[in-house]
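Visitor: Hello! Could you walk me through this model?
Guide: Happily; let's put it on the screen first.

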Amino acid sequence: TGFFLENVKNLKSHDKGNTFKVVEQTLENLGYFVKYKVLNSMEYGNVPQNRERIYIVGFRDQKTLERFEFPEPIKLTKSIKDVLEDEVDEKYYYNGKPLYDRIKNEVTEENCVYQWRRKYVRKNKKGVCPTLTANMGMGGHNVPIIFDGKGIRKLTPRECFRIQGFPDSYKLPNIADSALYKQVGNSVSVPVIARIAEQMMKVL
């Protein structure tokens with residue numbers, strides 16, 4: 001038997017590393033041998049998102065753990081352009097809304113993701129999306145912003161799910177956008193999870 005856990009990268013350094021020591025010790029006390037690694041979704045999942053997470057894997061059998069390896073990095077071939085929807089509802093555009101005048105001179109480049117930081121605009125230099133977070137659902141301005149050639153808008157929930165690696169066949173629940181943004185920010189990058197799970201299957 002085995003287990004697979006995911007958490008924020010800071011779990012490792014929280015309380016000078018003591019929190020993680022307790023987690024690791026508890027898992028070992030339960031009879032598991034443990035391996036962990038911090039992986040970035042844009043390097044291990046071929047999704048255009050800068051998302052570092054800690055992944056913890058454990059098995060009852062030490063030999064099984066010794067055979068287990070985390071996946072190798074893969075080339076990022078997907079860009080922000082690849083996840084954008086063709087037809088987007090007007091409600092996602094900032095044109096004509098209060099924030100528009102404050103961001104219109106900064107958000108000018110296509111295929112580039114921006115964030116509104118209460119007082120200024122931050123452009124993502126890596127050409128990918130910054131980490132999607134649960135607090136995107138707490139206020140519209142936390143949702144990453146793009147210029148799509150037509151106007152300045154926030155990413156749609158579907159686009160955010162694509163950035164997490166969810167296929168379009170995944171049916172989004174019929175709930176408020178704010179709840180969808182919160183869910184996708186709380187979710188995992190599907191391709192990274194799948195690749196680690198495959199490595200686990202190999203040794204089991």
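Here are some questions and answers about the chain, which is a predicted model.

Visitor: What secondary structure does the chain have, and what box do its C-alpha atoms fill?
Guide: Glad you asked! The chain's secondary structure comes to eight helices and seven strands. Along the principal axes, the C-alpha atoms fill a box of roughly 60 × 35 × 35 Å.

Visitor: Among contacts between residues at least 6 apart in sequence, how many join residues at least 24 apart?
Guide: A contact here needs heavy atoms within 4.5 Å. Of the contacts between residues at least 6 apart in sequence, the share joining residues at least 24 apart is 69%.

Visitor: Which residues of the largest nonpolar core touch the most other members?
Guide: This core has 21 residues. At least two of them come from each of α4 (80-83), α6 (157-163) and α7 (177-186). Those touching the most other members are Cys-129, Met-136, Leu-155, Cys-160 and Ile-163.

Visitor: What is Met-136 in contact with, leaving aside its neighbours within four places in sequence?
Guide: Met-136 is a good one to zoom in on, as one of the core residues that touch the most other members. With its neighbours within four places set aside, its contacts are Asn-142, Val-143, Pro-144, Cys-160, Tyr-181, Val-184 and Gly-185.

Visitor: Which residues does the second core include?
Guide: The second core is separate and has 12 residues. Its members include Tyr-55, Val-57, Phe-59 and Ile-196.

Visitor: How far apart do the centres of the positive and negative side chains lie?
Guide: The chain carries 34 positive and 25 negative side chains. The centres of these two sets lie apart by 4 Å.

How values were computed. Residues are numbered from 1 along each chain as its sequence is written. This is a predicted model: local features need pLDDT of at least 70, side-chain atom pairs count only at pLDDT 80 or more; totals for chains, interfaces and linings use all residues. Side-chain values use heavy atoms; hydrogens and water are left out. Helices (H or I, at least four residues) and strands (E, at least two) are DSSP runs, numbered from the N terminus. Lys and Arg count as positive and Asp and Glu as negative; His and the chain ends are not counted. The place of a charge is taken as NZ of Lys, CZ of Arg, CG of Asp or CD of Glu. A nonpolar core is a set of buried Ala, Val, Leu, Ile, Met, Phe, Trp, Tyr and Cys residues joined through side-chain atoms within 4.5 Å. Buried means under 20% relative accessible area, exposed over 50%, partly exposed in between (1.4 Å probe, protein chains only).
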